[in-house]
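Reader: Hello! Could you walk me through this structure, one question at a time?

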Amino acid sequence: MILIDKALEKLQLEGKPIRVGMIGAGFMAAGTALEIIKYRQGITIVGIANRNTDRAKIAYNQAGITDITIAPTQEEVEAAIQQNKPFVTENAMLLCRSKNIDVILEMTGHVEYGANVAMEAIKNKKHFVSFSAELFGTLGSILKHYADEQDVIFTLADGDQPVVEMNLYRFVKGMGVKPVLCGNIKGLHDPYRNPTTQEGFAKKWLQNTGMVTSFADGSKISFEQAVVANATGMGVGKRGMYGPTYMGAQISEAVNWYPTEQLLEGNGIVDYVVGATPGPGIYILGTIDDPVQKHYLNLYKMGEGPLYCFYTPFHLCHFEVPNTIARAVIFNDTALAPIGKPCVDVIATAKKDLVAGEVLDGIGGYATYGLCENYDTARNENILPLGLAEGCTLKRDIKKDEVISFTDVEIPAGRLVDKLWKEQVEKYNEI
C-alpha cells in the first residue's frame, strides 16, 4: 500500500486513471464502487454490468453519482467512456470487449457466469481481478493458463482472507522463515446451515442469503483455503481440514493446535480455527533452522519454536480491492493465482439425505456443502467438485455427509464450466 498510494497519485496527476469495468452490483460490489469512486485516486469505474441494471444504478448512487447512462450496445459503451459518462449495462461482455477498459473486476461469485466473463476478458487481453474464491477454487489453474497465453494478469482480489493470507505468506517467506501452515480464523462453522437458518443474518447485513450460508456451512472457507493451497503448493492434512475450535484463545497459541511433525514435513498445509482471537483475521505458522535467527525471534516475543505464529488481525474486504487493481496494472503483480496443477479441490458433500432425481442447488444452498480434499485424492476417487454441482441431477440416493461422485450425477448440457474443468484435468494428466 505504501508504494501503491504514490503510484495511483501519479496516475491521477497525469490524468490517466486505471479504467475499470465492474461486473456485479451486490453487497461487496457496491462497497467497492463506493471506495473507488469516493476515496481512491488514480482509478475510475467507467461502467457497471449487472443483469439487473437498477442494482447497478444503486451502486453508483451510493457513491454519489446520479447522472448515469444506459449503454446496451458496444458503440454506446465506447461513447460513454470517451465522454466520461458513468454507464450501466445488462451485457457484461461489452465491458470485456471494450478497447477503453484496462481491467475487468468480477464480483458475482457465480462460477459459470464468472467463467464466461473471465474467458471473454482474457480473450480481449484485459487484466482480470475477481472476488470469487469459488471460481478460482474450481477453474483457477486452467483460467490462469489462458491468461498467461495472453500475457494478462489473472488474480483474486485483496481484502478477502485468501489474499490477506498470501500477502503475509510472501512477507514471512521473504524473511527466510518457511511457511508451513496458512490459516483462516472463523467465528462459526456448522455444515448443516441453510438459507432458511441464515435468512435473518443476511437481512440484517443486507447480504445475499446463499453467500452468508456458504460462510456458515464451511463451503466458503473451503474455497478460500483451496485457492491459497493452489497458490502456494500446500495441501490439507486431512479431508475437511483439522479446523479445531478454540473459543476466545489467542491466535499466537496456534503453534500448539496442529500436528507439528506433519507441518515440518513436505510443502505445508492450509487449515483454519473456529473462535480464536483476534478475528476475523488470518495467520501463518512458519519455521526456521538458523539458530541465530531463532534467538532473535525469541527476543522479539515470538517464542522458542520450532513453530512461529504470524498473523493479521483483520481483513477489510472491499476496502482493499483497489490495491489489487493497482498491483496488476502498475506493477504487473499477481496478488493470488494458482502456480500450476491444482493441489486442493473443494468436493461436494450432502448436507442432508438426498434422493435420486433431485436437482442440486448452488453453493450455500440446501443440498450440499464443501470440504477441502487433496486434489490427487479427489480425482482418484472421481469426486464431484462443489463448483460444478449446481444444476446436476442425482442418479441415486445420497446419504447425509456422503461425498458425491461424478458417477452419481447427470451433468447439465452446454456449460462452459464443464468444458474448462475437463481441459484442466486433461492438462495435468489426470483422469
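Author: Gladly, and please keep in mind that this is a predicted model. A good place to start is helix α14 (residues 321-331), where eight of the 11 residues are buried, so the helix is largely enclosed by the rest of the structure.

Reader: Which residues of α14 are buried?

Author: Buried here means under 20% relative accessible area. The set includes the charged residue Arg327. In full, the buried residues of α14 are Val321, Pro322, Asn323, Thr324, Ile325, Ala326, Arg327 and Ala328.

Reader: Thanks! Which residue follows α14, and what is its phi?

Author: α14 is followed by Asn332. The phi of Asn332 is positive, near 55 degrees.

Reader: Now to helix packing. Are α7 and α16 roughly parallel or roughly perpendicular?

Author: The axes of α7 (residues 133-150) and α16 (residues 416-427) come within 9 Å and cross at roughly 80 degrees. Angles of 65 to 115 degrees count as roughly perpendicular. That crossing angle therefore makes α7, relative to α16, roughly perpendicular.

Reader: Which residues of α16 meet α7, and what is the make-up of the contact by class?

Author: From α7, the residues taking part are Thr138, Leu139, Gly140, Ser141, Ile142, Leu143, His145 and Tyr146. Their partners in α16 are Val417, Leu420, Trp421, Glu423, Gln424 and Lys427. By class, the contact has seven nonpolar, five polar and two charged residues.

Reader: Let's turn to enclosed space. Which element gives the largest share of the lining of the largest cavity?

Author: The structure holds two cavities of 30 Å³ or more, and the largest has about 60 Å³ of space. Among its 14 lining residues, Gly137, Thr138, Asn230, Pro342 and Gln424 lie nearest the centre. At least two lining residues come from each of α7, β12 (344-350) and α16. The largest share, six residues, comes from α7.

Reader: And what is the volume of the second largest cavity?

Author: This cavity is lined by Ser130, Phe131, Ala133, Leu156, Ala157, Asp160 and Pro162. By class, that lining has five nonpolar, one polar and one charged residues. The volume of the second largest cavity is about 40 Å³.

Reader: One last stop, the second largest pocket: which element supplies the largest share of its lining?

Author: This pocket holds about 350 Å³ of space, and of its 22 lining residues the closest to the centre are Pro17, Arg19, Thr44, Val46 and Asn84. Two or more lining residues come from each of α1 (2-14), α2 (27-39), β2 (43-49) and α4 (74-82). By class, the lining has 11 nonpolar, eight polar and three charged residues. The largest share, four residues, comes from β2.

Conventions
Residues numbered from 1 in each chain as written. Predicted model: local features only at pLDDT ≥ 70, side-chain atom pairs only at ≥ 80, totals over all residues. Heavy atoms only, no water. Axes fitted to C-alpha atoms, helices over the stretch in contact; angles between N-to-C directions. Parallel < 35°, antiparallel > 145°, perpendicular 65-115°, else oblique. Contact = heavy atoms within 4.5 Å. 1 Å grid on protein atoms, 1.4 Å probe; cavity = no way out; pocket = protein on both sides within 12 Å on 5 of 7 lines; lining within 4 Å. Points joined across faces, edges and corners; volume = space filled by probe spheres on them. Buried < 20%, exposed > 50% of the residue type's maximum accessible area, 1.4 Å probe, protein only.
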